[in-house]
Amino acid sequence: MKHFFVLILVACLPFTLLAQDKFTISGYIYEASSGESLIGATIAVPSLKKGTYSNEYGFYSLTLPANSDSLELVFSFSGYERQTRSILLNKDLSIDINLDFKVLEEVVIEAEGFEEQLSSTQMSVERLSMRDAKKIPAFLGEVDIIKTLQLKPGVSSGSEGSSGIFVRGGGPDQNLVLLDNTVLYNPSHLFGFFSTFNSDAVKDVKLYKGGFPAQYGGRLSSVIDVKMNEGNNKKFSGSGGLGLIASRLTLEGPIVKDKGSFMVSGRRTYVDLITRQINRALEDEPDFNPIPDYFFYDLNAKANYQLNENNQLFLSGYFGRDQFTFNDGNFDFKFFWGNSNATLRWNHLFSPRLFMNIAVGASDYRYKITNQFDIFAFELGSDITDQTASTDFTWIPDNKHTVKFGAKAIYHTFTVGRLNAGAEDSTFSFTAGNTFYATEFGAYIADDIEFNDKLKLNVGIRLSGFNSDGVTYANPEPRAALRWTVGKNVSLKASYARMAQYLHLVANSGATLPTDVWYPSNERVKPQLSDQVAVGVTLTLGDDYLLSNEVYYKWLRNSIDFRNGADLFVNDDLDTEFVFGEGYAYGNEFYLEKKNGRLTGWIGYTISWSWREFDGVNENGEFIPDNAINDGERFNPVNDKRHDISIVGIYELSRRWSFSSSWEYRSGTPTTLPIGRFPLFGPDLEIPQITPIFQKRNSFRLPAYHKLDVGVIYKLFPKWGEADLTISAYNAYNRRNPYFVFFETQENEAGIPIDQVAKQVALFPVIPSITYNFRF
Amino acid sequence: MSRYIKSLLFLSPLFLFMACSLQQEVDLNLPEFEPGVVVESYLEPGLPFSAILVESVSYLGSSEIRFVKNAEVTIKYDDQEVVLIPLAVPVDINLPNNDIIDTSFLRILTPIIGDSLFIYASPLTVPELYNTEFKLEIKTQEGQELNASSFIPRPIPIDTMEYRFDEEDSLAFVLTKWDDPADEVNFYRRLLDKTLYEKEFDENGNVIDSTLTTEEIQDFIIDDDIENGQLITVGTDFEFEVGDTVTATTIHITPEYYRFIETTDAAFVANLSPFGQPTLVESNIQGGTGIFAGLTRAIKVLVVGD
């Protein structure tokens, strides 16, 4: 590690020497009313055709040649009033800017242009503004950033209503979900129908599908980087909403005005309050079975304090739980699961050109099932706990280079399938399960180099490593991205990224379940690797439209699946159930976005293929049938969606009324159906059970999925703040989208099977909802 | 309470929507399915050697069971060779030498659908040989050859059965315990039946009729992975009343039969549940599908309240 930093210093030396006749303008961009830092704001010097963007902490730095003439600096951010400053660049300058949100009498949405999409080397990224996300119709009125991301090209959902996502043919466990720098291992509630992100607590969301920046690592297919709101450091304020199934409340305010602030946000469902009343009302009915209690809640909290102009501290945390309980007197069953995260961060400015972020954090995901029955108790659970330390530097020696470097170390503790069962009278007792420990580390350096107005290159490398159970793996992960500007409105981009994944999710179905277990790489379970190349073109059509097209190809190595009939329940040798193979995915994504005017939205279309191949050939070249899937032939995994279309439209009719709709179409999901059957009598020759014969995995496709969601927002203008009523209809034309297909045996009156029919099950019909939102 | 009723009324349109039928029949074009021979042959000491041979069929094909009736079925062990005789059940069996096949082990003797139950059986019974390899050989009229081998696991007796009533003394649960041998990996199939008189009452509460019925409470498989060499305890829910007769059966089974049950159960569940993993049935029959396995059972009966 020491040698690595020496290398960095040597690499930096020429830039330092070059930078002596230059000066740097640096500072932070804030929202004027709340003091929230703004991520991705544009800082431009039109006369020099130079510019930059604020980073994820709102910091910017722009180094320019010394200039005796006055220069005009333009600060802008989508939806905010732009500001202009005249400066004389004869020394380093520190300029913090507060941008005001546009308040328009007439509804003409004026967003900033698409400069960042055109000028950045970064491709394959989707950025989500919470303001837009809140306008798009949501399932049961619960705004869900993950479901909004599913409407972007290259991203699709696991199943109907699910918050799990598949990115460019990758699996649901191949997404790195970060909340304020720490990992969220299960970002969903209610078996995946809702994500863990309370929209009121979220400031910014970025989804990287490829061309991964070197600071990210650990998952093969995507990075979802979510930043929480920091809190209003100007005045005390609040926001919230009352929905059909949940309510939420966020409070924020200054700790010391303009110096520090806090934000606390909570959300809870209340279906359990209704079901409890039903249970009470019907408890005397002889045949009534009580409805189990179910609820989930989230708590987000964040505080920050600016020690001085060069130092700022942030403390943020998340705690969420789903809880399912059932108690009928004899039987006391509890099932809970959830994440908890905490991060302490220090931002330090060594100089206007060198920014540092240091973070220490912890995250935990766990589930536990407990059951008390008379004198017998049963407890089953798994968890993964991380302790993380990281440091990230951004060094901007001049306007040609932006160098990012840093390192991260994570200490993982895995508890896999921990089972405790026993009786109070000690008549029996047993335990099972494993605990594993692992250390994951990564160091990276990348430089964003602007050769000239046309050519920009981002080149970097990440060195990642993993140690567990006496085995150490190390992987160099080169990254490169290139942008070539053609004229004013067109840029061509290309990227390459290798990713290594050392943690693997043991999930036996396409659905995201809370009982899915994370498992570390070890001697038998090698790290998964991916290589992805992408090329694309981005162009603007006038001031309002952005059109992009990207083609990608992704190779996957050491992909993991499960052998036939795998036993994943309380299995102390879980990794013996794994099989290993290869995969590849490729596709073409089209995206057209309209940003300005009364009508905004986008159209996305993706055509893609995803393949897996588990040939059952071991390291010695021997074919092991148990290790093969589909006899070693390639097959499409469930995330293979040939055609994926999304159309999203938001229409601002007036200050009071706005309308929105989203329409999705996806090719049918590959699925496995039995093609034959036989009767199974058993040793006692009982009435036979129909036993299905499955053959090739995923050899069928369900019918295509499509649905329309519509929404209306009616704004209220109370004296104390803002409010609105959001009315939406999920699946507005009541499409019966197939969730799964099964075969039903039809019997005669004597219980004798007479026929077999195939049936399709849909989950949701049209579901209307209404939500009242407020802000003061 | 009224406010909750109002809440429910407010939500009722939503529940009505949710209650709409979300299942519908669909037409599927399943690919051509090549039928195969499926064999079930269990070796249980004291019972006749027997086997059932059927043909697997396309899932959406006829529900009629296609028994394979013209095969040669032989079971060999040590230097013995037992030829199984094809026969329909119930039958008027005229065997050479006036031999009799005891078919009392068959729970179903009535036709299932379209045809009689058709088995292969022998007047000879399975011997109590626990360290012997048994071999099954089958030759069909079409020339298919199937074979398998197995052994008979030693019987493991049930140690105790006991019941415990809940706090209100109205319902009891039942515990079954047996000692697991420590020197080997053991696999079990556990069955539990409840036998009771279902009573019919008149308006005055007098019993006017009662019928003896047997209800299956449990049927699952377990191994001794967690409790190797220990006392294995298996319980039930609170579901027994005074007078119920509880029959616990522990079948000591082979690893191959355990895996066969595990994968057939998984395949069965996968057809009905989106969370199930479609599973190929693991069989120990070479040249076909099915199971050839030895087993021994231990049975214990408990009357609740005695």
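These notes go through a predicted model, starting with one chain, moving to the other, and ending where the two meet.

1. The place to start is strand β20 of chain A, residues 260–269. Seven of its ten residues are buried, so β20(A) is largely enclosed by the rest of the structure. Here a residue counts as buried when its relative accessible area is under 20%.

2. Strand β20(A) has a partner in β19(A), residues 246–256, and the two pair in the antiparallel sense over ten bridges. Within this pairing, Leu249(A) stands opposite Gly266(A) of β20(A). The two strands form a hairpin with three residues between them, and in that hairpin Asp258(A) takes a positive phi near 65°.

3. Strand β20(A) also pairs with β21(A), residues 293–308, again in the antiparallel sense, over nine bridges. Gly266(A) appears once more, since it stands opposite Leu299(A) in β21(A). When looking at the model, Gly266(A) is a useful residue to find: it faces Leu249(A) in one pairing and Leu299(A) in the other.

4. Turning to chain B, there are two helices and 16 strands. Chain B has 306 residues, of which 43% count as buried. Where in the sequence do the contacts of chain B reach? Among contacts between residues at least 6 apart in sequence, 68% join residues at least 24 apart.

5. Which residues touch the most other members of the largest nonpolar core? They are Phe49(B), Leu53(B), Val73(B), Ile253(B) and Tyr257(B), in a core of 63 residues. Apart from this core lies another, of 58 residues, and its members include Phe296(A), Val471(A), Val517(A) and Trp518(A).

6. Ile253(B) deserves a separate look. Leaving aside neighbours within four places in sequence, Ile253(B) is in contact with Pro153(B), Phe187(B), Tyr188(B), Arg189(B), Ile221(B), Tyr258(B), Ile261(B), Gly294(B) and Leu295(B).

7. Next comes the interface. The size of an interface is often given as the accessible area lost when the parts come together. Chain A and chain B bury about 7200 Å² between them, and 64% of that is on carbon and sulfur atoms. Of the area that chain A buries against chain B, Arg677(A), Pro683(A) and Leu685(A) supply 10%, more than any other three residues. Counted by residue, 80 of chain A are in contact with 81 of chain B.

8. How many salt bridges are there between chain A and chain B? The count is one. In a salt bridge, the side chains of Asp684(A) and Arg297(B) meet at 2.7 Å, N to O. Across the interface there are also 15 residue pairs in polar contact, with both residues at pLDDT 80 or more.

9. Several elements give two or more residues to the side of chain A that touches chain B; among them are helix α5(A), 271–282, and the strands β27(A), 429–450, and β47(A), 738–747. The largest share of that side, ten residues, comes from β48(A).

10. The last point is a sheet with strands from both chains. This open sheet has three strands in the order β43(A)-β42(A)-β4(B), with antiparallel pairing. The edge strands are β43(A) and β4(B), residues 57–58 of chain B, and each pairs on one side only. Five bridges join β42(A) to β43(A), and Gly676(A) stands opposite Ile693(A) in β43(A).

Note on methods:
Residues are numbered from 1 along each chain as its sequence is written. Chains are lettered from A and ligands numbered from 1 in the order in which they are written. This is a predicted model: local features need pLDDT of at least 70, side-chain atom pairs count only at pLDDT 80 or more; totals for chains, interfaces and linings use all residues. Side-chain values use heavy atoms; hydrogens and water are left out. Buried means under 20% relative accessible area, exposed over 50%, partly exposed in between (1.4 Å probe, protein chains only). Helices (H or I, at least four residues) and strands (E, at least two) are DSSP runs, numbered from the N terminus. Two strands pair if DSSP finds at least two bridges between them. A nonpolar core is a set of buried Ala, Val, Leu, Ile, Met, Phe, Trp, Tyr and Cys residues joined through side-chain atoms within 4.5 Å. Contact means heavy atoms within 4.5 Å. Buried area is the accessible area (1.4 Å probe) that two parts lose on being put together, summed over both. A salt bridge is a side-chain nitrogen of Lys or Arg within 4 Å of a carboxyl oxygen of Asp or Glu. A polar contact is a pair of N or O atoms within 3.5 Å; within protein, one must be able to donate a hydrogen and the other to accept it, and residues adjacent in sequence count only if both atoms are side-chain atoms.
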